[in-house]
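Here's a quick walk through a protein model for someone who'd rather be at the bench. Take a look at the sequence and the structure, then read on.

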Amino acid sequence: MTPNIVGSIHIISQEHTFSGSKEAPVAFIEWKTPATAFNTREIQQGYFMEATDIIHEMSGGNLPKEQIWINVIHAVDGAWGIGGQALTNEQLGGALSQG
């Protein structure tokens, strides 16, 4: 499953980040995943809490947690692709079970 975990870090200067239509220090965490990831409320709540805490701590406590946003983008079934192949959830599950 490791090749299906995709994230990125973008460093954007404060004058290019906004909250409430005003310049503000903010952090955005975004994941692009197959539809099967982050698939329970327990996983979602746990991850969001942990990731927010990590970013808050990395800021030395200076970035308020209310200015840390997380977004997960799920691909519709059959629209997750690697190496030119569009994979269904079933195909991804099969690849996982084969180890």
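What follows goes from the overall fold to the main pocket and then to a few individual residues.

**The chain as a whole**

First things first: this is a predicted model. The pLDDT averages 85 over the chain, and 90% of the residues score at least 70. Confidence isn't spread evenly over the elements: helix 1 has the highest mean pLDDT, at 95, while strand 1 (residues 6-7) has the lowest, at 73.

In terms of secondary structure, you're looking at two helices and seven strands. Reading from the N terminus, the order is β-β-β-β-α-β-β-β-α. So where do the contacts go? Take the contacts between residues at least 6 apart in sequence, and 57% of them join residues at least 24 apart.

How much of the chain is buried? Of its 99 residues, 21% count as buried. The accessible surface is about 7200 Å², with 55% of that belonging to carbon and sulfur atoms.

**The largest pocket**

If you go hunting for space in this model, the largest pocket holds about 690 Å³ of it. The lining is made up of 20 residues, and those closest to the pocket's centre are I9, H10, I11, A27 and F28. Two elements give two or more residues each to this lining, namely strand 4 (27-33) and helix 1 (41-58). Which of the elements gives the most? That's strand 4, with five residues. By residue type, the lining splits into 14 nonpolar, five polar and one charged.

**Residues to click on**

Strand 4 is also home to T33. With a relative accessibility of 4%, T33 is buried, because the cut-off for that label is under 20%. What does T33 touch, apart from its neighbours within four places in sequence? The partners are F38, V72, I73, H74, A75 and W80.

One of those partners, F38, is worth a click of its own. F38 sits in the loop between strand 4 and helix 1, and its phi is near 50°, a positive value in a residue other than glycine. Why does that get a mention? Most residues other than glycine have a negative phi. F38 is buried as well, because its relative accessibility of 14% is under 20%.

S21 gives you another positive phi in a residue other than glycine, this one near 65°. You'll find S21 in the loop between strand 2 (18-19) and strand 3 (22-23). Is S21 buried or exposed? It's exposed, because its relative accessible area of 76% is over the 50% cut-off.

Last up is E90, found in helix 2 (residues 89-97). E90 is exposed too, since its relative accessible area of 69% is over 50%. Along the chain, E90 and D77 are 13 residues apart, and 8.8 Å separates their C-alpha atoms.

Here are the accessibility values side by side:

| Residue | Relative accessible area | Status |
|---|---|---|
| T33 | 4% | buried |
| F38 | 14% | buried |
| E90 | 69% | exposed |
| S21 | 76% | exposed |

To see the T33 surroundings for yourself, colour strand 4, where T33 lies, and then show the side chains of its contacts, including F38 and W80.

Note on methods: Residues are numbered from 1 along each chain as its sequence is written. This is a predicted model: local features need pLDDT of at least 70, side-chain atom pairs count only at pLDDT 80 or more; totals for chains, interfaces and linings use all residues. Side-chain values use heavy atoms; hydrogens and water are left out. On a 1 Å grid over the protein atoms alone, a cavity is a set of points where a 1.4 Å probe fits but cannot get out, and a pocket is an open set with protein on both sides within 12 Å along at least five of seven lines; lining residues have an atom within 4 Å of a point. Grid points are joined across faces, edges and corners, and a volume is the space filled by probe spheres set on the points. Helices (H or I, at least four residues) and strands (E, at least two) are DSSP runs, numbered from the N terminus. Ala, Val, Leu, Ile, Met, Phe, Trp, Tyr, Cys and Pro count as nonpolar, Asp, Glu, Lys and Arg as charged, and the others, Gly among them, as polar. Buried means under 20% relative accessible area, exposed over 50%, partly exposed in between (1.4 Å probe, protein chains only). Contact means heavy atoms within 4.5 Å. Accessible areas come from the Shrake-Rupley method with a 1.4 Å probe; for residues, only the protein chains shown count as cover. pLDDT is the predictor's confidence in each residue, from 0 to 100.
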